[in-house]
Every structure is written in C-alpha cells, then in structure tokens.
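Reader: I should like to go through this protein with you. Could we begin with how its elements are assigned, and then turn to particular residues?

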Amino acid sequence: MSLLLQSPPSSALSSSSRQEGRLRFLARSATPRFALSFQRSFPQIRASANFSSSLDKGLSTEFDAISDLSEIVPDTVIFDDFERFPPTAATVSSSLLLGICSLPDTIFRSAVETALADSVCYGFESPDARMSCFFNKALVNVGSDLVKLVPGRVSTEVDARLAYDTHGIIRKVHDLLTLYNEIDVPPERLLFKIPSTWQGIEASRLLESEGIQTHLTFVYSFCQAAAAAQAGASVIQIFVGRVRDWARNHSGDPEIEAALKRGEDPGLALVTKAYNYIHKHGYKSKLMAAAVRNKQDLFSLLGVDYIIAPLKVLESLKESITSPDEKYSFVRRLSPNSAASYSFSEEELVKWDQLNFASSMGPAAVELLAAGLEGYATQAKRVEELFEKIWPPPNV
C-alpha cells in the first residue's frame, strides 16, 4: 500500500530520477510481493476516445469524485504509472529487502551492498550483532533512497521478533533513527512501523513522547485501536478484509458477533468505530483502512484518513465516469461531526492498561495478530539467511 502521510515536502524529483524510477515502492498492507523489476510494467489504463471526450464535457472519474473525501492509494510494492498515481510515501521492510536481493539490476541493490560492506558492522565479533548491524544498515540505506523519491514519509519496519519486548522495540527504533541521522534524513520524514501488541503500543507511547513518529500495524480489534490512539500513535492501520475473512470462517468473537447481529460487516464496523473514537475524543492519530477488497468497501469508508486499495479497484475507479446528476451520490460516510454523536459504552472508554487490553482481545485479533507476526518474522529470518549467503558482497 501507499499512503500520503504528509510532512514538509521534499524537493522535486529531477527528470532523470523520474525516468530512472518509473516505479514506486509503497507502504504495504497485504501479503508480501516480490515483483521488483524496474523493467516490468503493470497493465496500463489507456484512455479511449470516448473516455477523453467524456472528460472534455466536464465529467470526472469516480477516482476524482472521491479523492477529496479520503486519500486513496494503491496497495502494491511497485507501480510505474506516475502520471495516474503520483508517488506519495513508502515503506521499507524485510520483504522489500528480499525482493531487492533477488534481482541484480534494481536501483536499490547498491544500497544493500553498501550495507553489507560497512566497516562498522565488520567490527562486531558476535555473528548476531554483526547481522543486526547489516540488517539495520540495509533498511536505512534503502529508506534514505526512498525519502528522495517520495514527498511523504517513509515508514521503516521494526523487527516483528521484538513485538513483545517494549524496550527492545525502543532500542531498535533508536538505532535506526541514529543511522538515519548520520546520513541527514530529517526525522519528520520518518515513521517506524510497530506491531500492535500491548508491548508495541507501549513502545509507541514512549517513542511519541520523544517526538518520534510511529505507525502501529496489525490492528484487528477496537481495544487495539483505542489503546493505540491513547498512546498517541501517528498512524493506526486496520485490516478490513482480514477481519471479514476471519468472520466468514470462524465464530465466537464477541466484537465480530455484535457487528454481524447489527447487520454490519465486521471489518468496516471496526474502522468506523475506531475513526469515531479517535475524532470524538480528540486524539491525534490518523486512521488507515487497509486490505480493502472492492469499490463498495471503499465507498463505505469515505472520510477515513487513508484507504489502501488494490490496483484493480483503482483502475476501475479511473475508468468509471461520473456526472453531477448521476443516481449514485458519493457521500462522506465518516466525519468528525458524525463521530461527535457516536455512543461508546463505559467499558470502551476506559484508560487502557495491559490487563483490560488482554481481556478484551477476542479470538479474531489474537489469531490474526499471531499470523501477521509469524509472517513478518519469517521474512526477517529469510533476509538474514540471504545476507549470510551473499556477505561479503562482490568487489568488496
């Protein structure tokens, strides 16, 4: 996924950079993809004569009609159509490093090779310490390159194997931030992506108190979203489709059962409730709806800060013409005004601590969080195994 998490804009890309990088690495919400070849092109959306003549008559596309209501961004690793979907922000992650290492001709390959040749990392006697140093350097080198390519913020993944270690997460973020500082990447251009365990949320609270921006991911329940908002997380990411998928194949989660009883989609209901909680109570967090599967999902969430949509949905939005008098009217479903009238129970308005957080995590959130952490940890382990095979890099 990509997201426009606006910070002071960077300088414009040079024409040569745009030509060299007709692709875009974007912040991610879905399962890992490794289609990182810069020569590969995604299917282009070509405007037909009828399409052009319709726009000439003052009509607009669905994408244009809804873009003022939410920031709509693509859920993909690379996208090479800058004109139709301008680059906004990016995430550097273990899965991205794997993709870079799997291809010899990416513009980011040198960033990884430079990390593996770093003399400071060579100085560590412990293999684990040396590998951690290589990993951090690779993330930061690629992240610093991405900062030059996008106007928004770059989110750097924190090792999921630290998900239950508050101080370990904080140390990792400080290490990464120190490396970014050494190469003059402004801290306001950075986010640090942390899993929404209780320990991760507590780490977010402490980091935000230092002025370090955090991006809490793997949110599948209201207690996670509310605790993250109370912690002051800059970005909170909810996975709509994954909650729905769980509900289709399982039962026994009170939060999901309540949504279904009301006739609501549980994933959409969670985003709505979290948005209303954040805005009714004045928290600074921005809410991101990820794993959106179709246009109806997207239309149901209009007004949320960021919506991460698949390419096929974005292409459909770009190809669909709208007119002011059409029957379907695009409506802002979520707004601060509607949030003000939303009612919460006393149990939902508690000051979240580890005990009530743990007791409120239903089976859906527990299982989905565990699956997400396992996937991220597996990717990180694969990066380390690959680095061991290619270290030291050639010609070093």
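Author: Helices and strands here are DSSP runs, numbered from the N terminus. The model is a predicted one. With that numbering, G152 is found in the loop between α7 (127-149) and β4 (154-157).

Reader: Is G152 buried or exposed?

Author: G152 has a relative accessible area of 0%, and it counts as buried because the cut-off is under 20%.

Reader: And how far is G152 from A90 in space?

Author: Their C-alpha atoms are 7.7 Å apart, although 62 residues separate G152 and A90 in sequence.

Reader: Let us step back. How many helices and strands does the protein have?

Author: There are 18 helices and ten strands. Of the 396 residues, 56% count as buried.

Reader: What share of the contacts join residues at least 24 apart?

Author: That share is 76%, taken among contacts between residues at least 6 apart in sequence.

Reader: What about the surface: how much does the protein expose?

Author: The protein exposes about 17,200 Å², and carbon and sulfur atoms supply 51% of that area.

Reader: Now pockets. What volume does the largest pocket have?

Author: Its volume is about 490 Å³. The lining of the largest pocket consists of 28 residues, and those nearest the centre are F222, E255, K273, E348 and S360.

Reader: Which elements give two or more residues to that lining?

Author: They are α10 (222-231), α12 (254-261), α13 (266-280), α17 (354-360) and α18 (363-390). Of the elements, α12 gives the most, with five residues.

Reader: How do the lining residues divide by character?

Author: The lining of the largest pocket has 16 nonpolar residues, six polar and six charged.

Reader: A different topic: helix α9. What span should its twelve residues have?

Author: Helix α9 (residues 198-209) should span 16 Å at 1.5 Å a residue, and its end C-alpha atoms lie 17 Å apart, which agrees.

Reader: Which residues of α9 are buried?

Author: The buried residues in α9 are W198, Q199, G200, I201, A203, S204, L207 and E208.

Reader: What covers them?

Author: The cover over the buried residues of α9 includes α8 (166-182), β5 (190-195), β6 (214-219), α10 and α17. After α9 comes G211, with a positive phi near 90°.

Reader: Which other residues should I check for phi?

Author: Two to look at are D184 and F218. Phi of D184 is near 65°, a positive value in a residue other than glycine. For F218, also not a glycine, phi is positive and near 60°. As background, most residues other than glycine have a negative phi.

Reader: Where are D184 and F218?

Author: D184 sits in the loop between α8 and β5, whereas F218 belongs to strand β6.

Reader: Buried or exposed, in the case of D184 and of F218?

Author: D184 is exposed, with a relative accessible area of 66%. F218 is buried, at 2%.

Reader: One last residue, S338. Where is its place?

Author: S338 lies in helix α16 (residues 336-340). With a relative accessible area of 29%, S338 is partly exposed.

Reader: What is S338 in contact with, leaving aside its neighbours within four places in sequence?

Author: S338 is in contact with N276 and R333. The C-alpha atoms of S338 and N276 are separated by 7.6 Å, and the two residues are 62 apart along the chain.

Notes:
Residues numbered from 1 in each chain as written. Predicted model: local features only at pLDDT ≥ 70, side-chain atom pairs only at ≥ 80, totals over all residues. Heavy atoms only, no water. 1 Å grid on protein atoms, 1.4 Å probe; cavity = no way out; pocket = protein on both sides within 12 Å on 5 of 7 lines; lining within 4 Å. Points joined across faces, edges and corners; volume = space filled by probe spheres on them. Helix = DSSP H or I, 4+ residues; strand = E, 2+ residues; numbered from the N terminus. Nonpolar A, V, L, I, M, F, W, Y, C, P; charged D, E, K, R; others polar. Expected span 1.5 Å × (residues − 1). Buried < 20%, exposed > 50% of the residue type's maximum accessible area, 1.4 Å probe, protein only. Contact = heavy atoms within 4.5 Å. Areas by Shrake-Rupley, 256 points an atom, 1.4 Å probe, with all protein chains shown as cover.
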